[in-house]
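Okay, thanks everyone, let's get going. I'll put the structure up and then we'll walk through the sheet, the helices on it, and the space inside.

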Amino acid sequence: MPGQRMFFLMVISCLSILFTPEEQRKPTPTLPQQQRQPVDQTRPGLPGQIQIAPAEQNKVVVRRVFDDLFTRGRYEFIEQIYAKDCAVHFGNRNARLEQAISEGKGWRLAAPDLNMTVERMDVERDFVIVDWIARGTNTGKGNGVPATGKKILIRGNSRFRVANGKIVEVWNNFDRDEIFRQLGVPPKLGHLYDDAQDLLYAMNEAFSSDKAGSSLQSN
């Protein structure tokens, strides 16, 4: 009897092997340890997880100065681009943001087809440095310049300091006298216009301060 049981067990084992599908008889491959780790769905680079570097964000803000403001004249974006207390430097001359924007509008009036092209843009910490070219045709009046019909081409560079997504300080460097020379206008005319504008803004600021002081005293 023990021999017969052993015989029947061997027959059943052979039959089970014969009738088992080939795929189930193959050994399951063992994946390497690094392939068996779960996929990290939160790592950078996946859709919805892309992060823009601060340097690239600063470049986007500064480019809007040339594309939106100077070239397209979209001055309604000023508060999105500049901080309210932004200081602007022209060589040895310092100006408030309102003065700089007023001058920019003046050049657009003098040259309605004004186009400013970014030649080079670099980033150093929170500074964005830009080399640019301005082209236009003086068919209008602006910044004390009469309409001459002449073309202008000016090269310059600007340095922008950006904080919290807005420009907080600007250094502009270009030859303003060259603009007047190209238009056949005495450079002294431009200096007189600058002096007049500085005096106008100083008077407005003084008037605003006196008005604010009177208001506080009355309260």
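So, a quick one to start: which residue in E6 is the bridge partner of phenylalanine 160? It's valine 170. And valine 170 turns up again, since valine 88 also has valine 170 as its bridge partner in E6.

Before I go further, keep in mind that this is a predicted model. The average pLDDT for the chain is 77, and 62% of the residues score at least 70. The stretch to be wary of is residues 33–46, where pLDDT stays under 50. For that stretch the model has 6 contacts beyond four places in sequence.

Right, the sheet. We've got 6 strands in an open sheet with mixed pairing, and the order is E2-E1-E6-E5-E4-E3. Who's at the edges? That would be E2, residues 93–96, and E3, residues 115–124. Each of those has a single partner strand, so one side of each is left without a neighbour in the sheet. From one strand to the next, the twist averages 20 degrees.

Now look at E6 and its partners. With E1, the pairing is parallel, over 5 bridges. With E5, E6 runs antiparallel, and 8 bridges join the two. One more bridge partner to click on: glycine 156 goes with phenylalanine 174 in E6. E5 and E6 also make a hairpin with 2 residues between them, and asparagine 164 in the turn has a positive phi of about 55 degrees.

On to the helices. H3 packs on the sheet and touches E1, E3, E4, E5 and E6, with its direction at about 165 degrees to that of E3. H5 packs on the sheet too, touching E1, E2 and E4, and its direction makes about 70 degrees with that of E1.

Last thing, the space inside. There are 2 cavities of 30 Å³ or more, and the largest has about 470 Å³ of space in it. It's lined by 30 residues, and the closest to its centre are Phe70, Gly104, Trp107, Met116 and Phe174. Phe174 is the bridge partner of glycine 156 that I pointed out a minute ago.

Which element gives the most to that lining? H5, with 7 residues. Among the other elements giving two or more residues are helix H3 (54–71), strand E1 (82–90) and helix H6 (176–183). As for what the lining is made of, we have 25 nonpolar residues, 4 polar and 1 charged.

That's me done, happy to rotate the view if anyone wants another look.

Technical notes. Residues are numbered from 1 along each chain as its sequence is written. This is a predicted model: local features need pLDDT of at least 70, side-chain atom pairs count only at pLDDT 80 or more; totals for chains, interfaces and linings use all residues. Side-chain values use heavy atoms; hydrogens and water are left out. On a 1 Å grid over the protein atoms alone, a cavity is a set of points where a 1.4 Å probe fits but cannot get out, and a pocket is an open set with protein on both sides within 12 Å along at least five of seven lines; lining residues have an atom within 4 Å of a point. Grid points are joined across faces, edges and corners, and a volume is the space filled by probe spheres set on the points. Helices (H or I, at least four residues) and strands (E, at least two) are DSSP runs, numbered from the N terminus. Ala, Val, Leu, Ile, Met, Phe, Trp, Tyr, Cys and Pro count as nonpolar, Asp, Glu, Lys and Arg as charged, and the others, Gly among them, as polar. Two strands pair if DSSP finds at least two bridges between them. Axes are lines fitted to C-alpha atoms, for helices over the stretch in contact, and angles run from 0 to 180 degrees between N-to-C directions. Contact means heavy atoms within 4.5 Å. pLDDT is the predictor's confidence in each residue, from 0 to 100.
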